[in-house]
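Subject: Structure handover

Dear colleague,

Here is the structure we spoke about, with its sequence. My notes on the strands and their pairing follow it.

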Amino acid sequence: MIMNKRRNNNKKEEQKEVKKPVIRYTYQFKVARSCELLDFLLSKMPTSRNTTKAILKEKKVLINGTVVTQFNYPLAKDDEVKIAKYPVTTPVASKKNKAPVKTLNVKELIIYEDDEFIAINKPNGLLSVQSDKDIESAYKYVEEYLKKKDPKIRPYVLHRIDKETSGVLVFAKDIKIHSMLRMHWNEDVTKREYYAIINGRLDEENGTIKTYLKENTNNLVYVANSGKLATTHYETFNKNENYSFLRVEIDTGRKNQIRVHMAHMGHPIIGDDKYGDGISPINRLGLHASKLAFIHPVSKEIIEIKAPTPKEFRELFPKKK
């Protein structure tokens with residue numbers, strides 16, 4: 001009986017340890033055009049200049065999940081600005097929510113870098129930009145890497161890929177270049193290529209899916225009669241008894257587009273617990289952003305960035321002898 005009580009007490013202590021403080025926000029904004037942080041806050045919040053400055057000094061302002069106190073911090077289109085109710089200290093990941101990439105070495109993940117852009121091969125399980133629930137993010141790691149090189153440089157979010165998806169993730173280093181690209185992102189992107197592993201075999205091994213997509217109140221995307229048009233092209237380049245390996249290109253970058261389209265065809269991506277059964281022989285989502293190409297807004301040259309196929313993808317389809 002005494003041992004049982006001790007075990008129960010230990011379980012209770014463990015449960016206490018994994019509880020994670022929730023950051024409560026009084027305001028949340030999305031930036032529409034580039035500007036400085038203090039000016040942006042003054043235009044959005046019903047507070048005096050002195051009060052707004054105090055909010056910054058008290059570490060209540062977060063940009064893309066990172067606390068910022070600098071008044072003239074440069075904001076770019078699509079940055080997320082949140083005002084916390086209480087001062088935010090650097091959070092520590094709990095045992096329960098510890099990210100699988102805790103010892104991430106950004107240098108090993110960089111697949112492209114020049115004076116204006118930096119791209120990494122984002123691991124699956126890592127958010128593109130930090131959320132309230134997940135501390136680790138690609139943005140955070142890239143930001144820290146760039147600050148060590150030059151404190152004046154910060155990454156600017158050009159696009160995002162799902163947490164469960166691996167592959168090409170590109171950030172701009174220059175706010176003017178970022179603004180120019182974001183204004184015509186869909187027009188300037190010339191290729192969005194993914195590798196996907198789906199359940200079963202397709203009746204038509206190559207084809208195009210073109211539907212409208214909507215999002216419900218539970219943040220799930222579904223095929224509808226109206227909404228945002230989404231076009232997905234696919235081709236099968238390997239298969240076995242249970243799975244098919246596809247190369248996918250999308251004309252539109254809608255939320256969860258490939259995952260929804262594959263599920264709509266009755267062949268969800270392996271490991272997809274939102275639109276499929278979540279079962280995966282490789283213990284992850286079978287989706288990888290393999291290539292992104294876009295037109296440089298100034299030089300007009302095509303920049304093409306590739307991320308190698310994950311080892312676990314290749315091992316599921318061994319080459320025939």
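Two strands are called paired here if DSSP finds at least two bridges between them. Helices (H or I, at least four residues) and strands (E, at least two) are DSSP runs, numbered from the N terminus.

This is a predicted model, in which local features need pLDDT of at least 70 and side-chain atom pairs count only at pLDDT 80 or more, while totals for chains, interfaces and linings use all residues. Residues are numbered from 1 along each chain as its sequence is written, and side-chain values use heavy atoms, with hydrogens and water left out.

Late strands: β14 (residues 228-239) has pairings with β12 and with β15. With strand β15 (residues 243-250) the pairing is antiparallel, over seven bridges, and the two form a hairpin with three residues between them. Within that pairing, N238 has F245 of β15 as its bridge partner. Strand β12 (residues 206-215) is joined to β14 by eight bridges, also in the antiparallel sense; there T208 stands opposite H233.

Early strands: an open, antiparallel sheet of four strands has the order β1-β6-β3-β4. Because β1 (25-30) and β4 (66-67) are the edge strands, each with a single partner, one side of each has no neighbour in the sheet. β1 runs antiparallel to β6 (residues 80-84), and five bridges join them. Q28 stands opposite K82 in β6. Helix α2 (residues 37-44) packs on this sheet and touches β1, β3 (61-63) and β6, where contact means heavy atoms within 4.5 Å. The direction of α2 makes about 70 degrees with that of β6; axes are lines fitted to C-alpha atoms, for helices over the stretch in contact, and angles run from 0 to 180 degrees between N-to-C directions.

Regards
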